[in-house]
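Welcome! Let's take a friendly walk through this structure together, one step at a time.

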Amino acid sequence: AIERSSAASPITVGTMLSTAVATTQALLDLIKTLGQDRTVPVESSSSLAREVEGRSSKKGTKTVLGKPPLVLVAPKAQLKPLNKLTNPMVVSPVQLLHAMGKATSSTNTGFAGLSSLWALVRYLSAFAGGAGQLTVSKDARDLAFHQKTLFSEQLGLGLTWLLTEEHYRTLYGQSTVVRIADAERSIKARLLQHPALNRDVLVSRLGGVMPDGIAFTLDSKSPPANLRALESKGCHTSAVKVQPREMLKALADARVQVHSLQVGGTTLDGWMACAVVAESAAKWPGVVHVPKNGVALYALDPPTDSGDAPSGGDEGRAWQRPGGAWSVGDRTSFARTLDDVSRSSLLAYAGFTEEAERLAPRTAPPHEVLDIPGITGAATRPDDRTAGTLYEGTEVEFRLAPDIALRLFFGLDHDVRVALAEGDGVDATRAFRRRRGVTDEAYVPEAASDTDFEQVRSIGSDGTVFDVRVDAPREVLENARRGLPDEPPTASEDQQHD
């Protein structure tokens with residue numbers, strides 16, 4: 001735009017350059033913030049378990065017209081902390097957004113190419129810069145109350161997915177291939193594939209109490225194993241020295257949801273977690289100091305003999321009918337359904353909706369895939385650290401000025417993508433890890449002085465990639481780089497502007 005303005009006055013050209021540099025500096029600041037490693041303290045203890053159990057002690061009855069009576073029952077077994085838990089979690093904001101994107105990817109709508117990315121786009125600026133514990137930014141703090149609730153739920157979902165993948169590798173080995181399938185999509189797929197086997201599971205009940213996801217390990221020589229139901233929650237709190245009551249209530253509710261699914265006559269084991277955003281600096285029991293607007297994660301392991309079932313009440317109590325939990329009879333075939341749904345979600349995340357739809361059937365006729373020229377489109381990215389590795393996927397472009405754009409790329413390693421569409425993808429996933437030499441990684445690639453872009457990248461152990469890139473004229477980038485401080489503003493500096 002500046003080059004095309006040769007007839008403009010020097011003042012006009014200088015003003016345009018200054019504006020372009022300021023815009024680019026803000027974007028480069030975002031890139032640095034997204035790529036910084038931060039810590040999230042994790043609390044999982046017997047004392048936390050006892051407090052959550054204290055929210056699940058009442059009993060009662062309720063009659064529903066035309067249906068068997070509901071009985072409000074308290075869970076039987078004691079909650080447990082997670083064993084061998086890595087604490088604190090180390091995660092960068094770009095990894096967290098990457099996890100949110102995978103957890104919310106879907107082929108249930110023709111708008112999957114964009115609608116499944118809303119969390120990635122909406123929360124790009126939700127995290128404050130600086131080192132130390134993960135904190136949320138002024139943008140996130142200024143959200144309306146109900147939007148904060150939605151943000152904390154999405155934050156909990158991303159942290160729970162990351163915690164699960166890391167903890168599975170701790171328990172079963174770093175080479176383990178870990179997948180997570182959406183629970184409701186898996187039940188729907190199971191019903192559509194084998195309706196005669198599932199007369200006890202009614203389609204009309206979908207959308208009721210159910211876990212968020214089901215995690216499992218995968219090996220090319222055997223069906224999925226180590227199935228666990230997952231339930232994530234999130235909340236904001238002003239509590240300073242006592243356990244946040246919002247968190248205790250959320251985990252009590254999660255206790256019901258995580259055990260609302262029976263497979264092969266047995267309730268699935270499961271994990272539950274709740275992300276908490278501190279509105280004031282806090283020292284919660286069992287957790288190190290959390291700064292103002294800092295994030296902590298609470299996690300517990302509900303035993304499978306707790307007798308929980310779908311809930312119509314609150315505080316973790318279960319409104320239970322005879323045979324009240326979701327039930328799938330054949331564990332082996334359901335495990336294969338989980339594999340199909342998890343592969344479908346990974347393909348949908350990268351924008352390959354047609355391949356994703358072939359793996360997981362729909363509950364409604366398919367719509368045409370949304371394609372807006374100039375905003376979305378197929379794209380590829382090379383791996384700057386591993387020669388011969390190519391990522392394929394979809395790019396979304398946000399043009400902020402004629403020559404300045406923010407580009408989001410969400411993709412899959414080429415070999416992994418082909419393998420997921422044709423089979424379980426286990427061998428290709430392990431080969432991808434061997435090529436790269438790491439499981440998960442987030443970093444800001446070194447940019448040469450003659451490049452016209454900068455980017456931050458998150459690469460998952462499953463072959464997925466999330467890339468945030470700033471494109472700008474070289475002169476603008478050079479001026480922006482010279483004016484950019486070594487580090488983004490710290491959380492405390494950011495809060496001074498509230």
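**A walk through the sheet**

In this predicted model, six strands make up an open sheet, arranged in the order β2-β12-β11-β8-β7-β6 with mixed pairing. Which strands stand at the edges? They are β2 (42-43) and β6 (177-182); each has a single partner strand, so one side of each is left without a neighbour in the sheet.

Helices come into the picture too. Helix α10, residues 331-349, packs on the sheet and touches β6, β7 and β8. The direction of α10 makes about 90° with that of β6. Helix α13, residues 426-436, lies across β6 and β7, and runs at about 125° to β6.

Now let's look at how the strands are joined. Strands of a sheet pair through backbone hydrogen bonds, and they can do this either parallel or antiparallel. Strand β8 is a good place to see both. With strand β7 (residues 213-219), β8 pairs in the antiparallel sense over five bridges. One of the residues to look for here is A215, whose bridge partner in β8 is R228. Two residues lie between β7 and β8, and the two strands form a hairpin.

With strand β11 (residues 270-278), β8 runs parallel, and nine bridges join them. Here you can find H236, with V277 as its bridge partner in β11. Is β8 mostly covered or mostly open? Strand β8 spans residues 222-237, and 12 of its 16 residues are buried, so "mostly covered" describes this strand, given that buried means under 20% relative accessible area.

Let's turn to the side chains with rings. A pair of aromatic rings is described by the distance of the centres and the angle of the planes. Across the whole structure, a search finds seven aromatic pairs. Among them is the tilted pair of W284 and Y298, with 6.3 Å centre to centre and 50° between the planes. Why does this pair tie together parts that are 14 residues apart in sequence? Because W284 lies in the loop between β11 and β12 (295-300), while Y298 lies in strand β12. W284 counts as buried because its relative accessibility is 0%, and Y298 counts as buried with a relative accessibility of 0%.

Elsewhere, ring pairs link Y123, F127 and F151 into a cluster. Rings also meet charged side chains: R417 lies over the face of F352, 3.7 Å from the ring centre. In another spot, the charged end of R469 sits over the ring of F453, at 4.0 Å from its centre.

Note on methods
Residues numbered from 1 in each chain as written. Predicted model: local features only at pLDDT ≥ 70, side-chain atom pairs only at ≥ 80, totals over all residues. Heavy atoms only, no water. Buried < 20%, exposed > 50% of the residue type's maximum accessible area, 1.4 Å probe, protein only. Helix = DSSP H or I, 4+ residues; strand = E, 2+ residues; numbered from the N terminus. Pairing = 2+ DSSP bridges. Contact = heavy atoms within 4.5 Å. Axes fitted to C-alpha atoms, helices over the stretch in contact; angles between N-to-C directions. Phe/Tyr/Trp six-rings, centres within 6.5 Å; stacked < 30°, edge-to-face > 60°. Lys NZ or Arg CZ within 6 Å of the ring centre and 35° of its normal.
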